[in-house]
Amino acid sequence: MAKRERSLAGKVVVITGAAQGIGASTATALSRLGAKVVIGDLDQVLAEKTAAELGAEALPLDVTDTKGFTEFLDEVERRVGPIDVLINNAGIMPLAPLEEEDDAATRRLLEINLHAVIHGTREAVKRMRPRGTGHIVNIASMAGKAGFPGAATYCATKHAVVGLSESVHLELHGTGVLVSCVMPAVVRTELASGLGEAKFFKSVQPEDVAQAIVDALRRPKFDVFVPASLDAMGRITRLLPRRLGEGLLRALGGDKILSSATHSSARAEYESRAARSAPAAEKGADS
């Protein structure tokens, strides 16, 4: 029997890092379905512009400020109501060979891509579990299932998000609180500036990821691959001996997807913005 499709009308949905990119596309898709969307982003001006276009709300949020993140969620519940869906979307992808990555960049990646997702997930569980309902969506990446040269720490954070999501999914079994882990290929947002294409690793648009998230909320499932064919590709490569799997990756150009852009001038603006994306974490490191 097919799963009954869930209505998203009236649901309170919080999306971190949603002023643009995947987050903004997801906010758009959910708003059209009648959800009460709240955008949290470091760029408050852009967040308010995006929210105004959708009839949504925007509140300032630095996900690396743990206390501030909790207060942000408290404020959402005061203004809009109990949170039905939390989408941990905020993330950065600075590129560099590991030996060229400075410690500040490593810290930013860990704080934004991992620690913030852990904290957001934990806060959501605390709020949703007592009510016996809710849905947590963590945005990982196909890089959470495989390693790609030029982004070792990024891949490490996304592997960790997959592991976190799998563990919490099992912890919440039977509670009524659901978890989904979204694993897209390269998504054509600012984060992908300077990245090329590879055979059988076609990039996707943020709207494609947004639709996959909507589908997972309507018909809940844990693994969300975008495109769906990534699931089969991943299963096949994991069955192969390591040497053959790595050879296939090179033959398809997968080993160059990220590494070819590590010194690209096309990424300069994004890399500069990513370096300013964790003010609370930077302040903590300096104190």
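**Packing of helices and nonpolar cores**

Leaving aside neighbours within four places in sequence, T26 is in contact with I15, I87, A210 and I213. The model examined here is predicted. T26 is found in helix α1. Its relative accessibility is 1%, so T26 counts as buried.

Two of these partners, A210 and I213, belong to the α6 side of a helix–helix contact. Two packed helices are described by the angle between their axes and the distance between the axes. The axes of α1 (residues 21–32) and α6 (residues 206–218) come within 8 Å. They cross at roughly 50 degrees. That angle makes α1 oblique to α6. The crossing of α1 past α6 is right-handed. On the α1 side, the contact is made by G21, I22, S25, T26, A29 and L30. On the α6 side, P206, E207, V209, A210, I213, V214 and L217 take part.

A second helix pair is formed by α4 and α5. Their axes come within 9 Å and cross at roughly 10 degrees. The two helices are therefore roughly parallel to each other. This crossing, too, is right-handed. Helix α4 contributes T106, L109, L110, N113, L114, V117, I118, T121 and V125 to the contact. From α5 come T153, Y154, T157, K158, A160, V161, L164 and V168.

In soluble globular proteins, nonpolar side chains tend to be buried together. The largest nonpolar core in the model holds 55 residues. Within this core, V14, F72, V76, I136, L195 and L258 touch the most other members. Several elements each supply at least two of the core residues: β1 (12–16), α3, α4 (103–128), α5 (152–171), β6 (177–184) and α9 (268–274). The largest share, eight residues, comes from α4. Apart from this core lies another, of 32 residues. Its members include A19, V37, V204 and V214. V214 also takes part in the contact of α6 with α1.

I136 is one of the core residues that touch the most other members. Residues up to four places away in sequence are not counted in its contacts. I136 touches L86 and N88. It also touches T121, A124, V125 and M128. Further contacts of I136 are L172, V177, L178, V179 and S180. T121 and V125 appear again on the α4 side of the contact with α5.

F72, another of the core residues that touch the most other members, also has an aromatic partner, F69. The structure holds one aromatic pair. The ring centres of F69 and F72 are 6.4 Å apart and their planes stand at 55 degrees, so the pair is tilted. Both residues lie in helix α3 (residues 66–79). They are three residues apart, about one turn of the helix. Both F69 and F72 are buried.

E282 is placed in helix α10 (residues 279–286). With a relative accessible area of 21%, E282 is partly exposed; the cut-off for buried is under 20%. Not counting residues up to four places away in sequence, E282 touches A104, R108 and A275. E282 and G132 are 150 residues apart in sequence. In space, their C-alpha atoms are 37 Å apart.

How values were computed:
Residues are numbered from 1 along each chain as its sequence is written. This is a predicted model: local features need pLDDT of at least 70, side-chain atom pairs count only at pLDDT 80 or more; totals for chains, interfaces and linings use all residues. Side-chain values use heavy atoms; hydrogens and water are left out. Rings of Phe, Tyr and Trp (its six-membered ring) pair if their centres lie within 6.5 Å; planes under 30 degrees apart count as stacked, over 60 as edge-to-face and the rest as tilted. Helices (H or I, at least four residues) and strands (E, at least two) are DSSP runs, numbered from the N terminus. Buried means under 20% relative accessible area, exposed over 50%, partly exposed in between (1.4 Å probe, protein chains only). A nonpolar core is a set of buried Ala, Val, Leu, Ile, Met, Phe, Trp, Tyr and Cys residues joined through side-chain atoms within 4.5 Å. Contact means heavy atoms within 4.5 Å. Axes are lines fitted to C-alpha atoms, for helices over the stretch in contact, and angles run from 0 to 180 degrees between N-to-C directions. Angles under 35 degrees count as roughly parallel, over 145 as roughly antiparallel, 65 to 115 as roughly perpendicular and the rest as oblique. A crossing is left-handed if the near helix is turned anticlockwise from the far one by less than a right angle, and right-handed if clockwise.
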